[in-house]
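Got your viewer open and a selection box ready? Here is a short walk, stop by stop, with something to pick at each one.

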Amino acid sequence: MTTPWMEEVERRREQPPIARVAAVLSLAFAFMAPAFAADPGLTAVTVTPAPGGGQTYSLSIQILLLMSALTLLPAGLIMMTSFTRIIIVLAILRQALGTAQTPTNQILIGLALFLTFFVMAPVFERIHDSALKPYMEQKLSVQDAAAQAAGPLKTFMLDQTRESDLALFTRLSGRDSEGEGGPESEAASDKAEADSDIPFFTVVPAFVTSELKTAFQIGFLLFIPFLIIDLVVASVLMSMGMMMLSPMMVSLPFKIMLFVLVDGWALIMGTLAASFHV
């Protein structure tokens, strides 16, 4: 014997999931309608006049801008720190060893990240003391804090950038005609003043170009001893008539043994960290 209540339950069970979701949403909107009616609207942007003719935005807009800036954080970490040089050298080292996916990409990226934090620690400390801490104490505005934070980062990038790369992008930006000899002559007279005059967005591509060149130079030097082992093993196998045996398979244990005997990981990490003069 079925009752009307049981028939209603069975009928609702036979409804598709979309119909059930629509019923739940309609019920929720029915309960929320009085609340929306009581509040005619929410203020999205609040602009307060500041002394000197400026404007101060509401905290919600600052959070929105901060969340939007966080999307550029990976690019900033890769392009404006030591991460680029480190990860390229580690990738070339793995290819020179011939170990395919050992260490894995996750291990290489994690190692490069922690070594980047180690190298950039003095720069991050200066940014914290000069920009982040005063901003958290409300002693600096967002614009002033950003300008203060860009200073140590720009100094670090200029210290690692070749003068030829910096002169190239300075000339491409059209600033070469402002002085008689460009950035090189300015650096000869007053390097600190010349560095402060170079725009931040001119320093970044010059720094990245210089880092790529340095990383490939280090990778070339790393490749030579492993290449010699491959050539020796291939020559020995050819002279013995073992042409069907892969030279890479035979040379791999010798390359790993050589790398372990010379304490290769410590040498690579120490050399990479010492190659940055902070």
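## A helix and what comes after it

Start by selecting Gln-138, which comes after helix α6 and has a positive phi, near 60 degrees. Keep in mind throughout that you are looking at a predicted model.

Now step back along the chain and color α6 itself, residues 105-136. How far apart are the end C-alpha atoms of α6? For its 32 residues the distance is only 37 Å, short of the 46 Å that a straight helix would reach at 1.5 Å a residue. Zoom in on Met-120 next: α6 has a kink of about 60 degrees there, shortly before the proline Pro-122.

While α6 is still selected, show its side chains. Its buried residues include Leu-108, Ala-112, Leu-115, Thr-116 and Val-119. Met-120, where the kink lies, is also buried, and further along you can pick out Val-123, Ile-127, Ala-131 and Pro-134 as buried too. A reminder for reading such a list: an α-helix has 3.6 residues a turn, so residues three or four places apart point the same way. To see what the buried residues of α6 pack against, add α4 (73-79), α5, α7 (142-160) and α12 to the view.

## The α5 and α6 pair

Hide the rest and keep α5 (residues 83-97) with α6. The two pack at an angle of about 145 degrees, their axes 9 Å apart, and α5 passes α6 in a right-handed crossing. On the α5 side, select Phe-83, Ile-86, Ile-87, Leu-90, Ala-91 and Arg-94. Their partners in α6 include Asn-105, Leu-108, Ile-109, Leu-111 and Ala-112. Sorted by class, this contact has 11 nonpolar, 2 polar and 1 charged residues.

Stay on α5 for one more residue, Thr-84. Is Thr-84 buried or exposed? Its relative accessible area is 8%, so Thr-84 counts as buried, the cut-off being under 20%. Setting aside residues up to four places away in sequence, Thr-84 touches Ile-78, Met-79 and Leu-212.

Then follow the loop between α5 and α6 to Pro-103. Check the backbone here: the peptide bond from Thr-102 to Pro-103 is cis, with omega near -5 degrees.

## On to α10

Next, select α10, residues 200-239. What span should its 40 residues give at 1.5 Å a residue? The expected value is 58 Å, and the end C-alpha atoms of α10 are 58 Å apart, which agrees. Look at Ile-224 all the same, where α10 bends by about 30 degrees, with the proline Pro-225 following within four residues. Just after α10, click on Gly-241, which has a positive phi of about 80 degrees.

## A loop residue worth a click

Move to the loop between α11 (247-261) and α12 (264-274) and select Asp-263. Although Asp-263 is not a glycine, its phi is positive, about 55 degrees. With a relative accessible area of 46%, Asp-263 is partly exposed.

## Zoom out

Finally, show the whole protein as a cartoon and count along: there are 12 helices and 2 strands. In sequence order the pattern is α-α-β-β-α-α-α-α-α-α-α-α-α-α. Color by accessibility, and you will find that buried residues make up 27% of the 278 residues. Last, try a contact map: among contacts between residues at least 6 apart in sequence, 67% join residues at least 24 apart.

Definitions and conventions. Residues numbered from 1 in each chain as written. Predicted model: local features only at pLDDT ≥ 70, side-chain atom pairs only at ≥ 80, totals over all residues. Heavy atoms only, no water. Axes fitted to C-alpha atoms, helices over the stretch in contact; angles between N-to-C directions. Left-handed = near helix turned anticlockwise from the far one by under 90°. Contact = heavy atoms within 4.5 Å. Nonpolar A, V, L, I, M, F, W, Y, C, P; charged D, E, K, R; others polar. Buried < 20%, exposed > 50% of the residue type's maximum accessible area, 1.4 Å probe, protein only. Expected span 1.5 Å × (residues − 1). Bend = angle between axes of the 7 residues up to and from the residue.
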